[in-house]
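Visitor: Please pick one part of this structure and take me through it closely. I would also like to know what lies around that part and how far the model can be read.

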Protein chains: 2
Amino acid sequence: MSDGSVKSGLFLVVSAPSGTGKTTVCRKFLKQTPGVRFSVSYTTRSPRRGEVDGRDYHFIPEEDFRCRIAEGEFAEWAENYGNLYGTSAKTMREFLEKGEDLLLDVDTRGARALKKNFPGGIYVFILPPDLDALRARLSRRGSEARETMERRFSRAIEEIREAFGYDYVVCNDRVDEAVDCIRSIYIAERCRTARWTGKIEQLIPE
Amino acid sequence: MSDGSVKSGLFLVVSAPSGTGKTTVCRKFLKQTPGVRFSVSYTTRSPRRGEVDGRDYHFIPEEDFRCRIAEGEFAEWAENYGNLYGTSAKTMREFLEKGEDLLLDVDTRGARALKKNFPGGIYVFILPPDLDALRARLSRRGSEARETMERRFSRAIEEIREAFGYDYVVCNDRVDEAVDCIRSIYIAERCRTARWTGKIEQLIPE
């Protein structure tokens, strides 16, 4: 008996300029919210230290990636500093249809493409507390040359402009508070009336 | 310098059929969320045991209430089992303009009137886990005659139909989880992008 309420999983799309601490916030959120699964993107770039294939990314050769583009597998894909990144629409659909909730970690271009190609997402933008903090975090990363750092900083500013297009904004002043905000957004979205129409109807006798 | 972002307080409107445990849920939420103030309604009914004037309600004589109706003071008011209940628009406005967040506990008719007269609210409906639980809670209240209980039960069913018009639904299966849902809705609503435009603009250099 179909009751008309939304039963499919929901998906949170989280973006932030690099240096905002997004990865830490998302990991902590996922750890304390077992009901949400991380949507693993595909990429052609090499794993960084500590990154695990299939957990952080599916690391695939460029030829394989290009094949998947041709087959229309990606809900969004983009080239970023010479590497390709993409989200598989097929995998997303499979999880969501089973009622599983997903967290997607994509940049602002990816988020814009997703919004167009895969409706229904909840868009969350993480802001740095201020520009000094952002610059400091970008410098601390250390693995980049100064020029790369400056380029990332300028790009971060450009990305912050995109925050207006998101549903929610979370300021990463304190990690635990940012995690609590994302968790709250997730729980609130699960309380949306459209997800409860079946239950409401069940309580009303014919 | 006005930055265009929403700075006024937000208000949550919580409704539930009697016997759903709304008062307990709201009290616990308010206790653990010091940033939210309870909007004290006016009523002509007598205080119940344990109710405090100015905290639970402003208990006022019917003549005073009728005066306030005539002066257009109420954002919503209604007669309920022979007693009058109302929410002062003036008081609401004063708090919201100071940036204070409010919780309003009103019945479904009141919520409908509020939505029309005082835009901007976030509407939350609390559902009982099932009808047996609702009936049991209404019986346990004990202070009512059986006939009154049955009338309240029928009215509860009618009120549940109104849940479709709310933004969020919270099922009061376990009190702590229901409180967590209301808290999450509140925090999520504070993360709405419209409330952050000033901060975003601050981060973008001219």
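Guide: The part chosen is the central sheet, followed by the helices beside it and then the contact between the chains.

Residues are numbered from 1 along each chain as its sequence is written, chains are lettered from A and ligands numbered from 1 in the order in which they are written. The model is predicted, so to be used here local features need pLDDT of at least 70 and side-chain atom pairs need pLDDT 80 or more, while totals for chains, interfaces and linings use all residues. The predictor's confidence in each residue, pLDDT, runs from 0 to 100. Chain A has a mean pLDDT of 92, with 96% of its residues at 70 or more. The scores for the model are ipTM 0.92 and pTM 0.92. Where pLDDT is low, the predicted coordinates should not be read in detail.

Helices (H or I, at least four residues) and strands (E, at least two) are DSSP runs, numbered from the N terminus. In chain B, five strands form an open sheet in the order E2-E7-E1-E8-E9, with parallel pairing. Two strands count as paired if DSSP finds at least two bridges between them. Strand E2 (36-38) and strand E9 (168-171) of chain B are the edge strands, each pairing on one side only. On average, neighbouring strands of this sheet are turned by 25° against each other, direction ignored. Such angles are taken between axes, which are lines fitted to C-alpha atoms (for helices, over the stretch in contact); angles run from 0 to 180 degrees between N-to-C directions.

Strand E1 of chain B, residues 11-15, deserves a slower look. Four bridges join E1(B) to strand E8 (residues 122-127) of chain B in the parallel sense, and B:Ser15 has B:Phe125 as its bridge partner in E8(B). E1(B) also pairs with E7(B), again in the parallel sense over four bridges; there, B:Leu102 is the bridge partner of B:Phe11. Five of the five residues of E1(B) are buried. Here a residue is buried if 20 or more other C-beta atoms lie within 10 Å of its own, exposed if 12 or fewer do, and partly exposed in between, with C-beta atoms placed from the backbone. B:Phe11, B:Val13 and B:Ser15 point one way from E1(B), B:Leu12 and B:Val14 point the other way, and all are buried. In a regular strand the side chains alternate between the two faces of the sheet.

Two helices of chain B are set against these strands. Helix H1 (residues 22-32) of chain B packs on the sheet and touches E1, E2, strand E7 (101-105) and E8, its direction making about 170° with that of E7(B). Contact between two residues means that their C-beta atoms, placed from the backbone, lie within 7 Å. Helix H7 (residues 175-190) of chain B lies across E1, E2, E8 and E9 and runs at about 170° to E8(B).

Chain A also has an open sheet of five strands, in the order E2-E7-E1-E8-E9 and with parallel pairing. E8(A) and E9(A) run parallel and are joined by four bridges, with A:Phe125 standing opposite A:Val169 in E9(A). In helix H1 (residues 22-32) of chain A, the residues A:Lys22, A:Val25, A:Cys26 and A:Phe29 are buried. Seen down the axis of H1(A), these buried residues fall within an arc of 95°, so they line one face of the helix. The arc is that of the directions from the helix axis to the C-beta atoms. A:Lys31 and A:Gln32, on the other side of H1(A), are exposed. The cover over the buried residues of H1(A) includes E1, strand E7 (101-105), E8 and H7 of chain A.

E9 and H7 of chain A also take part in the contact with the other chain. That contact takes 29 residues from chain A and 29 from chain B. On the side of chain A, the elements giving two or more residues are H6, strand E9 (168-171), helix H7 (175-190) and helix H8 (197-203), and H7(A) gives the most, with six residues.

A rotation of 180° with 0.0 Å of shift along its axis superposes chain A on chain B, with an RMSD of 0.0 Å. That is the relation of a two-fold axis. In chain A, the C-alpha nearest the axis belongs to A:Ser184, 2.0 Å away. The superposition is by least squares on the C-alpha atoms of residues with pLDDT of at least 70 in both copies.
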